Amino acid sequence: MAEQKKLLRALAGETLDTPPIWMMRQAGRYLPEYRATRAQAGDFLSLCYNSELAAEVTLQPIRRYGFDAAILFADILLLPQALGADLWFVTGEGPRLSTITDQAGFDALKPVDAIHETLSPIYDTIRILTRELPSETALIGFAGAPWTVATYMIAGRGTKDQGPAHALREENAPLFDALMDRLTEGTIEYLSCQIEAGAECVKLFDSWAGSLKGDAFEKYSLEPCRRITAALKARHPGIPVIGFPREAGEKYVGFAKATGVDCVALDNSVDPEWAAAHVQTDGCVQGNLASSHMVTGGQALIDDTRRIVKAFSKGPHIFNLGHGITPDADPENVQIMIDTVREK
Ligand code: 1CP
């Protein structure tokens, strides 16, 4: 029964003896089997849109480690592509997109109901996974939060300080707000279809929320997350939502209440004892081991893992890293982390 999956129990607010565990970017380049399947697909985007192979890489870390959840293999930048942006990946550098800097660029975007033409292979990946995942493993769907996706669409690439997106929101608020609106509506449609295909929970990645200060955080991180969560809950009651306003700092406090998300994911700059006292009081939290431990290992990995498990042991908690695992990680350290959480 779905309710008995550990991840869903924690998301429903249950305090478990051992927290469920999964890992951001658990299907990724640190795994030799991922690199092999990616080579077979040709390139990263071909892998995302090949439902059989995308399901295969989603399953690889489940087979190897027995995580409590699988996360759909896709990317937050597929939605902009489905809205008409050009998207490509430069090896060793990262994503590149056509940029949106003026009204004409915005007007060239497709309407929200056109996204499924591009994104239907992603829903097929989910359908395959619902058949192939072990019965105890929950399936997580995801999308980028509108602010984070907008930063890539405006700059055409990842940026350190999200300067181009901040400039546009200050210099041309009507255009910026129109883009945020299109992304909010598109995200609702995209995640709704992921849920209809079989995702049991969804996560909103606001990876660049930390550069929004003061009122801008409320307007561009909190408010779109609230709108998306409310719309999903109206359409799909009972499907939990995880919010990840990365590097929100003190703004993590009250984020769950203000947005309606069932769980807040914490990055590793957050002190776990502080978060237990100020964030977990509102419900489930997820996190927050530094992903650098997956590279360096040793006693520090074990000590920090134990500290996080202990700090969050009095409330609902999902163990995870504070950000994605990196390609230089040692797969053996992942096993040590899991064994430490499960105290084998
Ligand atoms: O070369 C490769 O194989 C590509 C590396 C890679 C992978 C494995 C990229 C490129 N995306 C992904 C998959 C991915 N991306 C998943 C799949 C599921 C899993 O976690 O196993 C998810 C959830 C994402 C989400 C994602 N993509 C985010 C949000 C989370 C975060 O890391 O903050 C972001 C910002 C992206 C954009 C992106 N895609 C890929 C890269 C290298 C980046 C970051 C670009 C940058 O540095 O700004």
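This section describes strand S9, residue Gln162 and helix H9 in a predicted model. Local features require pLDDT of at least 70, side-chain atom pairs count only at pLDDT 80 or more, and totals for chains, interfaces and linings use all residues. Residues are numbered from 1 along each chain as its sequence is written, and side-chain values use heavy atoms, without hydrogens or water.

Strand S9 spans residues 317-321 (strands are DSSP E runs of at least two residues, helices H or I runs of at least four, numbered from the N terminus). Five of its five residues are buried (under 20% relative accessible area, 1.4 Å probe, protein chains only), so S9 is largely enclosed by the rest of the structure. In a regular strand, side chains alternate between the two faces of the sheet. One side of S9 carries His317, Phe319 and Leu321; the other carries Ile318 and Asn320. Strand S8 (residues 284-289) pairs with S9 in the parallel sense over five bridges (pairing requires at least two DSSP bridges). Leu289 has Leu321 as its bridge partner in S9.

Gln162 sits in the loop between helix H8 (146-155) and helix H9 (163-171). Its relative accessibility is 2%, so Gln162 counts as buried. A polar atom of its side chain lies 2.8 Å from the backbone oxygen of Thr159. The Gln162 side chain also reaches the backbone oxygen of Lys160, at 3.2 Å.

In H9, Ala165, His166, Leu168 and Arg169 are buried. They cover an arc of only 165° around the axis (taken from the directions from the helix axis to the C-beta atoms), so they lie on the same side of H9. Glu170 and Glu171, on the face turned away, are exposed (over 50%). The buried residues of H9 pack against H8, helix H10 (173-197) and helix H11 (215-235) (contact: heavy atoms within 4.5 Å).

Key
A polar contact is a pair of N or O atoms within 3.5 Å; within protein, one must be able to donate a hydrogen and the other to accept it, and residues adjacent in sequence count only if both atoms are side-chain atoms.
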